[in-house]
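Q: I have just opened this one and don't know my way around yet. Could you walk me through it?
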Amino acid sequence: MIELKSITKSYYKGTSAQIVALRNVSLKIDDGEMLAIIGTSGSGKTTLLNILGCLDLPDSGEYLLDGDLVNKLSKNRLCQIRNERIGFVLQDFGLMLDRSIYKNLSYPMIFNSSIKSNEIKERSKRALEAVGLSSRVNSRCVELSGGQKQRVAIARAIVNEPSMILADEPTGALDTKTSAEIMELFKTLNKQGSTVIIVTHDPKVAEQCDRVIEISDGEIVA
Ligand code: ADP
Ligand code: MG
């Protein structure tokens with residue numbers, strides 16, 4: 001369960017100009033929800049997702065994640081939470097393109113102390129089965145289509161069996177048909193119990209989620 005209470009976040013350009021990216025954002029997200037965050041470019045969607053994913057901390061306000069006050073956790077604990085509980089999927093995939101699918105999947109597990117080295121192969125296999133790419137485990141990512149790359153990115157996000165999947169414009173670089181396939185995959189993961197939070201400006205993506213919140217100029221407006 002996620003609870004944001006009056007979160008504020010600003011960026012500073014040099015010493016003077018201040019950009020307020022989030023203003024007084026309060027939001028509750030239940031376990032197992034499938035939520036879309038929509039809003040125009042620059043409205044604060046990525047900033048919000050980065051805070052939800054413990055990649056960034058708010059300037060003020062509170063973030064409670066499964067009862068832990070995230071603002072107060074040590075850097076090490078935050079790393080551990082990111083690695084074990086959160087899976088990220090990004091618009092431009094964020095893969096090591098010159099490496100094999102297997103290398104891309106095994107990498108996050110090396111940093112997860114709860115996964116024994118002999119489990120890495122088995123987990124990679126399961127994640128690739130889930131995204132329908134079992135036959136390509138040794139392919140280099142550069143050889144894959146956009147949709148296949150996004151499948152690998154999703155497989156990498158789920159190898160650690162996170163409770164929450166965060167996706168920033170995951171269909172932004174994909175054609176309509178491939179987007180629909182990727183959305184089916186997110187829906188399946190959600191049905192299997194993961195909380196799924198998708199940032200998008202595609203209404204077709206948003207309408208497939210259980211709940212849609214709109215952010216405008218750093219504030220939740222709907
Ligand atoms: P969105 O994802 O909705 O396009 P962002 O959260 O990326 O919006 O950005 C919100 C605002 O914060 C924008 O005005 C953007 O220019 C600014 N911003 C985002 N990241 C930075 C940064 N690292 N440094 C300075 N300004 C930033
Ligand atoms: Mg963004």
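A: Let's start at the surface of this predicted model: Y107 is partly exposed, with a relative accessible area of 44%, and Y107 is found in helix α3, which covers residues 101–110.

Q: Which residues form a nonpolar patch with Y107 on the surface?
A: I110 and F111 form the patch with Y107, and together the three have about 360 Å² of accessible area.

Q: And which residues of α3 are buried?
A: The buried residues of α3 are I101, N104, L105, S106, P108 and M109, and what covers them includes α2 (75–85), α4 (120–130) and α5.

Q: Where does α5 lie, apart from that?
A: Helix α5, made of residues 146–158, lies across β6 and β7, and its direction is at about 165° to β6.

Q: OK, strands then. What is the order of the strands in the open sheet?
A: The order is β6-β7-β8-β3-β9-β10, so to speak from one edge to the other, with 6 strands and mixed pairing. The edge strands, each pairing on one side only, are β6 (86–90) and β10 (219–220).

Q: How many bridges join β6 to β7, and do they run parallel or antiparallel?
A: There are 5 bridges between β6 and β7, and the two strands run parallel. Along this pairing, G87 stands opposite I165 in β7, while F88 stands opposite L166 in β7.

Q: What about the pairing of β7 and β8?
A: β7 and β8 also have 5 bridges and pair in the parallel sense, and the bridge partner of M164 in β8 is T195. Further along the sheet, β3 (residues 34–38) and β8 (residues 195–199) pair in the parallel sense over 4 bridges, with V199 of β8 as the bridge partner of I37.

Q: Is β7 buried or exposed?
A: Buried: 5 of the 5 residues of β7 are buried, so this strand is largely enclosed by the rest of the structure. M164, L166 and D168 point one way from β7, whereas I165 and A167 point the other way, and all of them are buried.

Q: How many residues of the edge strand β6 are buried?
A: In β6, 4 of the 5 residues are buried, so β6 is largely enclosed by the rest of the structure as well.

Q: Which strands does helix α1 lie across?
A: Helix α1 (residues 45–52) lies across β3, β6, β7, β8 and β9, and runs at about 155° to β7.

Q: Switching topic: how many salt bridges does the structure hold?
A: The structure holds 15 salt bridges. In one of them the side chains of E62 and K5 meet, at 3.8 Å from N to O, and this pair links distant parts of the chain, with E62 in strand β4 (residues 60–65) and K5 in strand β1 (residues 2–13), 57 residues apart.

Q: Are those two buried or partly exposed?
A: Both are partly exposed, E62 with a relative accessible area of 32% and K5 with 35%.

Q: What does K9 meet in a salt bridge?
A: The side chain of K9 meets that of D56, at 3.3 Å from N to O. K9 lies in strand β1 and D56 in the loop between α1 and β4, so the pair ties together parts that are 47 residues apart in sequence. K9 is buried, with a relative accessible area of 9%, whereas D56 is partly exposed at 23%.

Q: And where do E184 and K187 lie?
A: Both lie in helix α6 (residues 176–191), 3 residues apart, which is about one turn of the helix, and the closest N and O atoms of their salt bridge are 3.2 Å apart.

Terms used
Residues numbered from 1 in each chain as written. Chains lettered and ligands numbered in written order. Predicted model: local features only at pLDDT ≥ 70, side-chain atom pairs only at ≥ 80, totals over all residues. Heavy atoms only, no water. Contact = heavy atoms within 4.5 Å. Axes fitted to C-alpha atoms, helices over the stretch in contact; angles between N-to-C directions. Patch = residues over 30% accessible without salt bridge, like charges linked within 9 Å, V, L, I, M, F, W, Y side chains within 5 Å. Areas by Shrake-Rupley, 256 points an atom, 1.4 Å probe, with all protein chains shown as cover. Salt bridge = Lys/Arg side-chain N within 4 Å of Asp/Glu carboxyl O. Buried < 20%, exposed > 50% of the residue type's maximum accessible area, 1.4 Å probe, protein only.
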